[in-house]
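Here are a few exercises to help you find your way around a structure you haven't met before. Have a go at each task, then read the solution.

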Amino acid sequence: MVGISDSHRRVCDRVRRWAETWPNVRAGLALTGIAGSGKTHLAVALLQRIVVERQATRRARFVFLPQLMREIQASWKDPDRTEEAILAEVCGVELLVLDQLGAEASGAWVQERVEHILTRCFDGGGSLVTTSIYPIEPAGAGMALDERTSGSVVSLLKEACRVVKMPEDDYRDTVLKHGQDL
Ligand SMILES: Nc1ncnc2c1ncn2[C@@H]1O[C@H](COP(=O)(O)OP(=O)(O)OP(=O)(O)O)[C@@H](O)[C@H]1O
Ligand SMILES: [Mg+2]
């Protein structure tokens, strides 16, 4: 078995408490940390707890942002799908998990859509949970989220979410070091 560190436990406990409190939460969560630190795993666990245990299926949604952007782009050439229908489906939920913020393709149209989704979800009273490898506040020499998205996205996130920093270890490395298959 791969042991869980105290810092992992603290993060897990915080996210579990949030899931148990939802929908009576004041703000969403922005999970940040290096690749492999377990952000998506934790976000999915949170969603599962809410969807499975609380039967909130139609009120919650997981979105892998780079894929959503590809779907939006494809809809421009598809007479059977509209961008508005895709956005309405994503934004019309009470809990929206946006995975890989900052990893989506660059370009002004992408940033506009991300801003639109965050604003529409937030204004509609929905809770946001995001994951990103980019820190919301610039730290050290690495790139911060505003360099990958826009200042507006970061500002919206600061208002809508509380930052949860993942422990600085790559779960994939940890498992490999212990000689286990993922
Ligand atoms: N607490 C955990 N228990 C068991 N497996 C875990 C745990 N946390 C992460 N993992 C596993 O470790 C791997 C990396 O986790 P995950 O994909 O969540 O990382 P990530 O931070 O989202 O990485 P990326 O930034 O590359 O998307 C996955 O295979 C995941 O299932
Ligand atoms: Mg991930």
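The exercises below all use this predicted model.

**Exercise 1.** Work out which residues of α2 are buried, and where they sit around the helix axis.

*Solution.*
- Start with the helix itself: α2 covers residues 39-54, which makes 16 residues. From first C-alpha to last it reaches 22 Å, close to the 22 Å expected at 1.5 Å a residue.
- Next, pick out the buried positions, where 20 or more other C-beta atoms lie within 10 Å. In α2 these are K39, L42, A43, L46 and I50.
- They span an arc of only 105 degrees around the axis, so they're on the same side of α2.
- A general rule fits in here: an α-helix has 3.6 residues a turn, so residues three or four places apart point the same way.
- Now flip to the face turned away from the buried side, and you'll meet the exposed residues V52 and E53.
- Finally, ask what covers the buried residues of α2: the cover includes α1, β1, β2, β3 and β4.

**Exercise 2.** Do the same for α5: find its buried residues and what they pack against.

*Solution.*
- α5 runs over residues 108-123. It has 16 residues and reaches 22 Å from its first C-alpha to its last.
- Its buried residues are R113, V114, I117, L118, C121 and F122.
- Looking down the axis of α5, you see them fall within an arc of 155 degrees, so they line one face of the helix.
- A108, E112 and D123, on the other side of α5, are exposed.
- The packing partners of the buried residues are α3, α4, β3, β4 and α7.

**Exercise 3.** Follow L118 into the largest nonpolar core and list its contacts from outside its own stretch of sequence.

*Solution.*
- The largest nonpolar core has 38 residues, and L118, L128 and L157 have the most contacts inside it.
- Set aside the neighbours of L118 within four places in sequence, and its contacts are L128, V153, L156 and A160.
- In general, nonpolar side chains tend to be buried together in soluble globular proteins.

**Exercise 4.** Hunt down the backbone details worth a second look: a cis peptide bond and some positive phi values.

*Solution.*
- The cis bond goes from W22 to P23, with omega near 10 degrees. You'll find P23 in the loop between α1 and β1.
- Just after α2, Q55 has a positive phi of about 55 degrees.
- Q100 isn't a glycine, yet its phi is positive, near 70 degrees. Q100 lies in the loop between β3 and α5, and it's partly exposed, with 18 other C-beta atoms within 10 Å.
- After α5 comes G125, with a positive phi near 85 degrees.

Terms used
Residues are numbered from 1 along each chain as its sequence is written. Chains are lettered from A and ligands numbered from 1 in the order in which they are written. This is a predicted model: local features need pLDDT of at least 70, side-chain atom pairs count only at pLDDT 80 or more; totals for chains, interfaces and linings use all residues. A nonpolar core is a set of buried Ala, Val, Leu, Ile, Met, Phe, Trp, Tyr and Cys residues joined through C-beta atoms within 7 Å. A residue is buried if 20 or more other C-beta atoms lie within 10 Å of its own, exposed if 12 or fewer, and partly exposed in between; C-beta atoms are placed from the backbone. Two residues are in contact if their C-beta atoms, placed from the backbone, lie within 7 Å. Helices (H or I, at least four residues) and strands (E, at least two) are DSSP runs, numbered from the N terminus. The expected span of a helix is 1.5 Å times one less than its number of residues. The arc is that of the directions from the helix axis to the C-beta atoms.
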